[in-house]
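Here is a brief report on a helical packing arrangement. Keep the sequence and the coordinates open while reading.

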Amino acid sequence: MTVPSVGNHLNQARANREHAEWLLTSRPNDPTALQWAVTATFYSALHGLTAYLMARGITVSDHTRRAHALANPANGVPPSLHDDYRNLERRSRQARYLLRRFSVQQVRDLLDRQLATIAAFVGM
């Protein structure tokens, strides 16, 4: 098994974003689809930021190490962007473990605000 490259992570980030968009537009009345759209949005951000860190020589292999790397000012991630990432992670956990329901507008806001900011920063 090979270690994914920066490009692999960026491609996965784009694919996850596209999947979230597809779920949102094709299944807007399906609460489960909207929950998975939130989760795909979070994982898009995760892979995009993992690529950003890897491009700087920082390899992370789990959520805890990634969180520490993103919070470290030396790694160049603006605090507001880290907040966006943490919000996406929190929403994903709410969808998966607390069975939180989301409206189409809530998912759209996550995609168009938090994820869009992260995507612009990492160049996806």
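Helices here are DSSP runs of H or I with at least four residues, numbered from the N terminus. On that numbering, Leu99 comes just after H4 and takes a positive phi of about 60°. The model is predicted.

**Two helices side by side**

H4 and H5 can be set out together.

| Helix | Residues | End-to-end C-alpha distance | Expected span | Positive phi after the helix |
|---|---|---|---|---|
| H4 | 19 residues | 26 Å | 27 Å | Leu99, about 60° |
| H5 | 19 residues | 26 Å | 27 Å | Gly123, near 80° |

For H4, the distance between the end C-alpha atoms agrees with the span expected at 1.5 Å a residue. H5 also comes close to its expected 27 Å. Even so, H5 bends by about 40° at Leu115. Leu115 is one of the buried residues of H5. The others are Val107, Leu110, Leu111, Gln114, Ile118, Ala119 and Val122. These buried residues pack against H1, H2 and H4.

H4 buries Leu81, His82, Asp84, Tyr85, Asn87, Leu88, Glu89, Ser92, Gln94 and Ala95. Its buried residues pack against H2, H3 and H5.

**The H2–H4 crossing**

The axes of H2 and H4 come within 8 Å and cross at roughly 145°. The crossing is left-handed. On the H2 side, the contact uses Gln35, Val38, Thr39, Thr41, Phe42, Tyr43, Ala45, Leu46 and Leu49. H4 answers with Leu81, Tyr85, Leu88, Glu89, Arg91, Ser92, Ala95 and Arg96.

**The core**

Which residues touch the most other members of the largest nonpolar core? They are Leu49, Leu53, Tyr85, Leu88, Val107 and Ile118, out of 35 residues in that core. Helices H1 (6–26), H2 (31–55), H3 (63–71), H4 (79–97) and H5 (104–122) each supply at least two of its residues. H2 gives the largest share, 12 residues.

Leu49, Tyr85 and Leu88 appear among these core residues and also in the H2–H4 contact. Leu53 has its own set of partners. Beyond its neighbours within four places in sequence, Leu53 contacts Ile58, Val60, Arg66, Ala69, Leu70 and Asn75.

**Ala71**

Ala71 lies in helix H3. Is Ala71 buried, exposed or partly exposed? Its relative accessible area is 44%. Buried means under 20% and exposed means over 50%, so Ala71 counts as partly exposed. Ala71 and Ser26 are 45 residues apart in sequence. In space, their C-alpha atoms are 36 Å apart.

Conventions
Residues are numbered from 1 along each chain as its sequence is written. This is a predicted model: local features need pLDDT of at least 70, side-chain atom pairs count only at pLDDT 80 or more; totals for chains, interfaces and linings use all residues. Side-chain values use heavy atoms; hydrogens and water are left out. A nonpolar core is a set of buried Ala, Val, Leu, Ile, Met, Phe, Trp, Tyr and Cys residues joined through side-chain atoms within 4.5 Å. Buried means under 20% relative accessible area, exposed over 50%, partly exposed in between (1.4 Å probe, protein chains only). Contact means heavy atoms within 4.5 Å. The expected span of a helix is 1.5 Å times one less than its number of residues. The bend at a residue is the angle between axes fitted to the seven residues ending there and the seven starting there. Axes are lines fitted to C-alpha atoms, for helices over the stretch in contact, and angles run from 0 to 180 degrees between N-to-C directions. A crossing is left-handed if the near helix is turned anticlockwise from the far one by less than a right angle, and right-handed if clockwise.
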